[in-house]
Amino acid sequence: MRGTRPLSALTCTAVLAAVLAGQPASAAVEPTVRVSATTVVGTHNAYERGTYTYLAQSLDARPGLIELDVWPDVFARQWRVSHSNPVGNDNNCVAATSATQLYTGTRNKNLEHCLDDIRLWLGAHPDAGPLILKLELKTGFSSRTGQGPAQLDALLAARLGDRVFRPADLKGGYASLDAAARADAWPTRQQLAGKVIVELIPGTVEEGNPTDTLRTDVEYARHLSALAAAGTLVRAQAFPAVHNAQAGDPRTRYTEVSLRPWFVVFDGDASAYVTGGIDTAWYHANHYLLVMTDAQNVPPAVGNTDPDAARARVAELAAAHASVTSADWAALPAVVGEVLPRG
């Protein structure tokens, strides 16, 4: 693989031994390996209070990805974090101003406080990460109320600051994000320690709304294109993802051909990827990030009480070229912290 150090036989043996021994294989992956060549574990809906009392506790397990569900509250014009409440918060984020306050205080805070919690936690754990922050915009953007891509960028920049690995950082001098990814311009895990990669996906409500003709992925890709044309791509803070598994190059769904090179992150159901006849090696060969969700539901299903089975599932999906195996395994912190070679 261009730009990456090949895994030695000793490293591969160490990974296998760690998995068979029921221990995390993270130590077997060298920090000099690029993020495009590793597989990490994600925590689905890490913001839910029934999963973790405080968001910082989800980060304590050292996941490779956490997911927040975000609603643009069109009445209060605030960014809410909740599974199903569009005008209120229902989450484990607190209004911390220091790392010592991350595990106390009133919860149910806005997105900006969740971002503060992440920034403060990373500041206290400089060796952690990179962390993919997956934002599901439940109803999409609401530009008419000042909650569009530019406003989300501003919020992310204000709260996460230089912790964000931005599209401009990947693009560098390449013609597009696609060209940069195919050249494997992704940094190493060591270079991205303490950093956040923000992923945006369309929300379930948005995707089920037949009157919504401008989905999150397309709107943000247009935003990236416009910023690049204006020479201000550095303002962009997030990577739009192609949502839902599809054979071939899923970007062909976008009729605006000029938008396709802005997508280098792909996100869909793990079962669809591994049982649907999809050539996932294509993602690995082009160094695209591939997020496989609901990893626990790939037949046979793996619950949150069997760490050995969960580790085996992570290894299975790593072999199937996943960059992230996202699952409901919060009760298995040793599994959540795993990092494996991809492919």
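**Exercise 1. Charges**

Count the positive and negative side chains of the chain, and state how far apart the centres of the two sets lie.

*Solution.* This is a predicted model. Start with the positive side chains: the chain has 29. Next come the negative ones: there are 34. Finally, take the centre of each set; the two centres lie 6 Å apart.

**Exercise 2. Overall form**

Decide whether the radius of gyration of the chain agrees or disagrees with that of a compact globule.

*Solution.* Begin with the length, 343 residues. A compact globule with that many residues would have a radius of gyration near 20 Å. The chain has 19 Å, so the value agrees. Now add the extents: along its principal axes, the C-alpha trace spans about 55 × 45 × 35 Å.

**Exercise 3. Inside and surface**

Find what share of the residues is buried, and what share of the accessible surface belongs to carbon and sulfur atoms.

*Solution.* Buried means under 20% relative accessible area. By this cut-off, 55% of the 343 residues count as buried. Then turn to the surface. Its accessible area is about 13200 Å². Carbon and sulfur atoms account for 52% of that area.

**Exercise 4. One helix**

Describe helix α8: its span, its buried residues and what comes just after.

*Solution.* First, place the helix among the chain's twelve helices and ten strands. Helix α8 covers residues 216–229, which is 14 residues. From first C-alpha to last it reaches 20 Å, close to the 20 Å expected at 1.5 Å a residue. Next, look for burial. The buried residues of α8 include Thr216, Tyr220, His223 and Leu227. Last, step past the end: just after α8, glycine 231 takes a positive phi of about 75 degrees.

Note on methods
Residues are numbered from 1 along each chain as its sequence is written. This is a predicted model: local features need pLDDT of at least 70, side-chain atom pairs count only at pLDDT 80 or more; totals for chains, interfaces and linings use all residues. Side-chain values use heavy atoms; hydrogens and water are left out. Helices (H or I, at least four residues) and strands (E, at least two) are DSSP runs, numbered from the N terminus. The radius of gyration is taken over C-alpha atoms; the globule rule is 2.2 Å times the number of residues to the power 0.38. Buried means under 20% relative accessible area, exposed over 50%, partly exposed in between (1.4 Å probe, protein chains only). Accessible areas come from the Shrake-Rupley method with a 1.4 Å probe; for residues, only the protein chains shown count as cover. Lys and Arg count as positive and Asp and Glu as negative; His and the chain ends are not counted. The place of a charge is taken as NZ of Lys, CZ of Arg, CG of Asp or CD of Glu. The expected span of a helix is 1.5 Å times one less than its number of residues.
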